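This report goes through the surroundings of the ligands, one helix, the nonpolar core and some backbone details of the model shown below.

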Amino acid sequence: VLCFSQDFDFFYFVQQWPGAYCDTSHSCCYPKSGKPAADFGIHGLWPNYKDGSYPSNCNPDSAFDKSQISDLVSRMQKDWPTLSCPTNDGMKFWSHEWVKHGTCAESEELDQHEYFEAALKLKQKANLLQILTNAGIKPDDEFYDLDSIVEAIQEGTGFTPGIECNVDHSRDSQLYQIYMCVDTSASEFIECPLLPRGRCASRVQFPKF
Ligand code: 5GP
Ligand code: 5GP
Ligand code: 5GP
């Protein structure tokens with residue numbers, strides 16, 4: 001037990017806006033299951049330390065095993081779609097997330113099935129697109145105040161999110177990822193001990209997808 005015991009302080013639960021992943025100079029590929037819905041998708045559930053550093057690749061003996069998550073695959077295709085190229089079925093992305101980040105949560109007694117299921121449940125708990133839409137913030141290529149995005153999510157979830165931006169072809173700052181913090185049992189949102197550096201301008205575009 002002790003050899004892989006790797007403690008951490010909290011998780012970042014990171015969701016990505018597909019429109020902002022796809023309209024950069026890297027472009028993207030839709031998964032084999034087809035174009036994902038115009039919704040935030042899970043990027044990952046990442047163990048982190050309070051000082052901003054984080055463990056990774058914690059257990060080389062714990063390979064990704066798709067047979068352990070076969071009952072979750074249809075939900076993962078919907079809520080955790082891969083957008084990287086070349087087109088694939090998502091197992092590459094999920095395997096990468098398990099090996100790099102998930103293995104560092106095993107010390108909290110989360111096995112593979114529990115790890116992926118926990119992320120799916122967290123996405124249901126915080127319906128970010130609904131929250132933003134209700135606040136009049138829509139994926140319509142318009143620009144919004146960064147502060148208004150943060151406030152809407154604060155009011156909708158009770159917690160302060162971290163917002164990460166990237167840039168599109170026109171070098172405009174756009175909403176790319178939303179970070180929420182989660183306790184080490186992977187079940188409850190908490191206030192972030194530390195917000196990630198977000199690289200956002202004060203007004204950011206919310207691109208269509
Ligand atoms: P990986 O994510 O596989 O480590 O890296 C894949 C590549 O995607 C990296 O070169 C990374 O820089 C790039 N990348 C970073 N941000 C984005 C993005 O917003 N969209 C796309 N399509 N690729 C990105
Ligand atoms: P990027 O350089 O695109 O921000 O991040 C590349 C990768 O580094 C991410 O896919 C993620 O695996 C990891 N990463 C970046 N920032 C953090 C962080 O604050 N915490 C953790 N746990 N991983 C991170
Ligand atoms: P990270 O290391 O930051 O947790 O995850 C990024 C890695 O996952 C990159 O290697 C990237 O190529 C891969 N990846 C596969 N699908 C996606 C996707 O839809 N979004 C992002 N951000 N990365 C993806």
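Ala, Val, Leu, Ile, Met, Phe, Trp, Tyr, Cys and Pro are counted as nonpolar, Asp, Glu, Lys and Arg as charged, and the others, Gly among them, as polar. The model is predicted: local features need pLDDT of at least 70, side-chain atom pairs count only at pLDDT 80 or more, and totals for chains, interfaces and linings use all residues. Residues are numbered from 1 along each chain as its sequence is written, while chains are lettered from A and ligands numbered from 1 in the order in which they are written.

**Ligand shells**

A residue is near a molecule if its C-beta atom, placed from the backbone, lies within 6 Å of it. By class, the shell around ligand 2 has four nonpolar, one polar and one charged residues. Its members are Tyr12, Trp46, Asn48, Tyr54, Lys100 and Pro196.

Around ligand 1 lie Tyr21, Thr24, His26, Ser27, Cys28 and Asn166. Two of these residues are nonpolar, four are polar and none is charged.

Ligand 3 has Gln16, Tyr21, His43, Gly44, Thr82, Leu83, Ser84, Phe93, His96, Glu97 and Lys100 around it. Two or more residues of this shell come from each of β2 (41-48) and α3 (91-100). Helices (H or I, at least four residues) and strands (E, at least two) are DSSP runs, numbered from the N terminus. The largest share for ligand 3 is that of α3, with four residues. The shell around ligand 3 divides into three nonpolar, six polar and two charged residues.

**Helix α6**

Helix α6 covers residues 146-157, and its end C-alpha atoms are 17 Å apart; this agrees with the 16 Å that 12 residues should span at 1.5 Å a residue. The expected span is 1.5 Å times one less than the number of residues.

A residue is buried if 20 or more other C-beta atoms lie within 10 Å of its own, exposed if 12 or fewer, and partly exposed in between, with C-beta atoms placed from the backbone. In α6 the buried residues are Ile149, Ala152 and Ile153. Viewed down the axis of α6, they fall within an arc of 95 degrees, so they line one face of the helix. The arc is taken over the directions from the helix axis to the C-beta atoms. On the other side of α6, Asp147 and Glu155 are exposed. The buried residues of α6 pack against α5 (128-134), β3 (143-145), β4 (162-167) and β5 (173-182), where contact means C-beta atoms, placed from the backbone, within 7 Å.

**Nonpolar core**

A nonpolar core is a set of buried Ala, Val, Leu, Ile, Met, Phe, Trp, Tyr and Cys residues joined through C-beta atoms within 7 Å. The largest one has 45 residues, of which Phe11, Phe13, Leu175 and Val182 touch the most other members. Strand β5 gives the most to this core, with seven residues. Leaving aside residues up to four places away in sequence, Phe13 touches Leu45, Ala119, Leu122, Met180 and Val182.

**Backbone details**

A cis peptide bond joins Cys85 and Pro86, with omega about -10 degrees. Pro86 lies in the loop between α2 (73-79) and α3. Positive phi values are listed here.

| Residue | Phi | Place |
|---|---|---|
| Ser27 | about 55 degrees | loop between α1 (18-22) and β2 |
| Asn57 | near 45 degrees | loop between β2 and α2 |
| Gly158 | about 90 degrees | just after α6 |

Ser27 is exposed, with 11 other C-beta atoms within 10 Å. Asn57 also counts as exposed, with 10 C-beta neighbours inside 10 Å.

Definitions and conventions: Two residues are in contact if their C-beta atoms, placed from the backbone, lie within 7 Å.
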